[in-house]
Amino acid sequence: MTTGDPILQIIDLQKTFHPGTPNEVKALQGVSCEVRNGSFVILVGTNGSGKSTLLNAVAGAFLPDAGKILLNRTDITRKKEHERALHFGRVFQNPFSGTAPDMTIAENLALAARKGSFRGLGMALTSRSITAFRERIKTLNMGMEDRLDTPIGKLSGGQRQALTLLMASWVKPEILLLDEHTAALDPKTAAKVVQLTREIVEKDQLTTLMVTHSMQQAIHLGDRILMLHQGRIVKDISADEKKNLKIRDLMDFFDEVRRKDLIDPAMAEMLRQNYV
Amino acid sequence: MSLLIGSLIIGLILSLLAMGVFISFRIFNFPDITVEGSITFGAAITAAVIQLDLHPLLATFLGFTGGFLAGMTTGVLHAKFKINSLLAGILVMTALYSVNLHVMGKSNIPLLTQTTLFTYVETLTRSVFPDSETVSLAGWNVQLRDLMTMVVLLIAIALAGSILRWFFRSHFGTAMRATGNNQNMIRALGVNTDWMIILGLGLANGMIGLSGSLLAQYQGFADAQMGIGMLVWGLASVIIGEALINTRSVGLLIAGAIMGSVFFRILVAIALRLGMNPNDLKLITALFVLAALVLPSLVKRFNIKPLVNDNR
């Protein structure tokens, strides 16, 4: 597979949560897009626009109502979450989601390093694997290399996200899925994790889908922006357009889709009063 | 003294139960009530197989297998059919009551005249010490047979604990622990968490079935009622073990469960010795557990140091 071929194809994906109840949410209303191998796609959108839902649909957290997801031209729409997991590396918004808190740093890394291989009865931690973990963790510069036996629950949110990122990419995934992975961190820590994200993605040329609320990240990271609104892709900004894009422009796009939102119900009400 | 040794032996046998309860309650955070059925199931199968004049080793192994299958059933109900963990256990436990009666054919099978694993220990004792039946230990006369049983069990339980420790430090075992700790995370790493829960509960109840099997052989009977209160018993052992050993190391926690089981059994023996009405045993056990549940916070409040503390 060469750079540029579509690695992920999403075809008319639809999902409604709690259909037929007052809590009905039309999370995805026909999303279609192609992601090329080696590209770094940023997903932005308003709250409830479906950007995280889209990521979770790709990862297999739920089955879509309609539509298809193709990975390397293979249909994975019905594949179970843990089966697809072998193709993806995932980092979640909640720093508590991506690691096992009561297990040590070394044990967590050992679990990640075994992804896709048979998990047999050999020792999970050997002196060789521990050395490898220590060397790699040293490059994070977060002072964790001497704390390999510390349970992850004792680490800060930033340290946990950095480790989760490391774990998600330890076995090179076909696609890295980042779901607002810096949203719960303070700005300084978030910047550090963003820098680490950039390094990891560039080093292995990882195809990446990243959901973010931060316009700054959307501008400075990645080579393509998809803007979602009410379960649809409303804007697809290519690498060329993105080069000259300013935060201001992005905010204007947001205002535009919001204005359309306001007009629609108001118009409907006016039409109803006039003609019904 | 023979009372002390007797309770040490039962404590060691029930430490298998404690290890099983440790796996489901602590590693999987799964309140598994199957215990009360699976310990009887293990005993019932063993008694029935021994009655058929088959080898007691086979009977013991089948007791373990029975418990394993019972635990897997609870796991399937919970993981595949999404039944609440407590209810899944209650369903299997209730069903097992009838199954146990069918396996035994009646509500009680005596094994006193049959060949059990402990008959072999007796034979071993006689061949090692052909001349005497008792030995003087710190002024008490102790049956050599009892002493030998205790030593053999001690070795067997230490072996079982070591195997369990090794298992939970293997690739498969760490993935199992992670399933109990954070299902999302380990699923994202490609592990089928449903099967981890099913196999984990199988392992837990297998050990509990093994405990029931040995208990029936040692006590000389299997009874349909013998499971009642066993969950609380195992839980008490685990909690006492944790009070003694405050750590995250799996190996030490397993050792703690074994120590807790023995310690708890001795406490009960002392209470009975001091004239406690045996009818009150379950009540006292429940009160013991209540005390054990309160103990950790008391330990914290009064700053009592555990034996081992590497909880960083």
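Start with helix α3 of chain A: its buried residues pack against α4 (127–138) and α5 of chain A, together with α7 and α8 (183–188) of chain B. Bear in mind throughout that this is a predicted model.

**Stop 1: helix α3 of chain A**

Select residues 105–113 of chain A, which make up α3(A). Colour the buried ones: Ile105(A), Glu107(A), Asn108(A), Leu109(A), Ala110(A), Leu111(A) and Ala112(A). Seven of the nine residues of this helix are buried, so α3(A) is largely enclosed by the rest of the structure.

Now add residues 171–181 of chain B, helix α7(B). The two helices pack at an angle of about 110°, and their axes lie 10 Å apart. That angle makes α3(A) roughly perpendicular to α7(B), because values from 65 to 115 degrees count as such.

Which residues meet here, between α3(A) and α7(B)? Show Glu107(A), Ala110(A) and Leu111(A) on the α3(A) side. Opposite them, show Thr174(B), Ala175(B) and Ala178(B) in α7(B). Sorted by class, this contact of α3(A) with α7(B) holds four nonpolar residues, one polar and one charged.

**Stop 2: the chain A side of the interface**

Zoom out to both chains. Here 27 residues of chain A are in contact with 22 residues of chain B. On the chain A side, the elements giving two or more residues are α2 (81–84) and α3. The largest share comes from α3(A), with four residues. By class, the chain A side that touches chain B has twelve nonpolar, eight polar and seven charged residues.

**Stop 3: the open sheet of chain A**

Hide chain B and turn to the strands. Six of them form an open sheet in chain A, in the order β6-β7-β8-β3-β9-β10, with mixed pairing. The edges are β6 (88–91) and β10 (232–237), each pairing on one side only. From one strand to the next, the twist averages 20°. Add helix α5 (157–170) of chain A, which packs on the sheet and touches β6 and β7 (175–179). The direction of α5(A) makes about 175° with that of β6(A).

Walk across the sheet from β6(A):

- β6(A) and β7(A) run parallel, joined by four bridges. Pick Arg90(A); its bridge partner in β7(A) is Leu177(A).
- β7(A) and β8(A) run parallel too, joined by five bridges. Ile175(A) stands opposite Thr207(A) in β8(A).
- β3 (40–45) and β8 (207–211) of chain A pair in the parallel sense over four bridges. Val41(A) faces Leu209(A) of β8(A) across this pairing.
- β3(A) and β9(A) are parallel, with five bridges between them. Leu43(A) stands opposite Leu226(A) in β9(A).
- β9(A) and β10(A) pair in the antiparallel sense over five bridges. Met227(A) stands opposite Lys235(A) in β10(A).

Stay on β9(A) and β10(A): they form a hairpin with two residues between them. Select Gln230(A) in the turn; its phi is positive, about 50°.

Next, check how the strands are covered. Is β7(A) mostly covered or mostly uncovered? It is mostly covered, with five of its five residues buried. On one side are Ile175(A), Leu177(A) and Asp179(A); on the other are Leu176(A) and Leu178(A). Strand β9 (224–229) of chain A is mostly covered as well: five of its six residues are buried.

**Stop 4: Leu43 of chain A and the nonpolar core**

Centre on Leu43(A). Beyond its neighbours within four places in sequence, Leu43(A) is in contact with Lys51(A), Leu54(A), Leu55(A), Leu209(A), Met210(A), Val211(A), Leu226(A) and Leu228(A).

Bring chain B back. The largest nonpolar core has 157 residues. Leu43(A), Ile13(B), Phe22(B) and Ala47(B) have the most contacts inside this core. Helix α1 (2–27) of chain B gives the most to the core, with 14 residues.

**Stop 5: Thr34 of chain B**

Finish in the loop between α1 and α2 (35–51) of chain B, where Thr34(B) lies. Why does Thr34(B) count as buried? There are 33 C-beta neighbours inside 10 Å, and 20 or more are enough.

Display its contacts, leaving out residues up to four places away in sequence: Thr34(B) touches Ala70(B), Gly71(B), Thr74(B), Gly89(B), Val92(B), Met93(B) and Asn205(B). For a last distance, pick Leu298(B). Thr34(B) and Leu298(B) are 264 residues apart in sequence and 30 Å apart in space, C-alpha to C-alpha.

Terms used
Residues numbered from 1 in each chain as written. Chains lettered and ligands numbered in written order. Predicted model: local features only at pLDDT ≥ 70, side-chain atom pairs only at ≥ 80, totals over all residues. Axes fitted to C-alpha atoms, helices over the stretch in contact; angles between N-to-C directions. Parallel < 35°, antiparallel > 145°, perpendicular 65-115°, else oblique. Contact = placed C-beta atoms within 7 Å. Nonpolar A, V, L, I, M, F, W, Y, C, P; charged D, E, K, R; others polar. Core = buried A, V, L, I, M, F, W, Y, C linked by C-beta atoms within 7 Å. Buried ≥ 20, exposed ≤ 12 C-beta atoms within 10 Å, placed from the backbone. Pairing = 2+ DSSP bridges.
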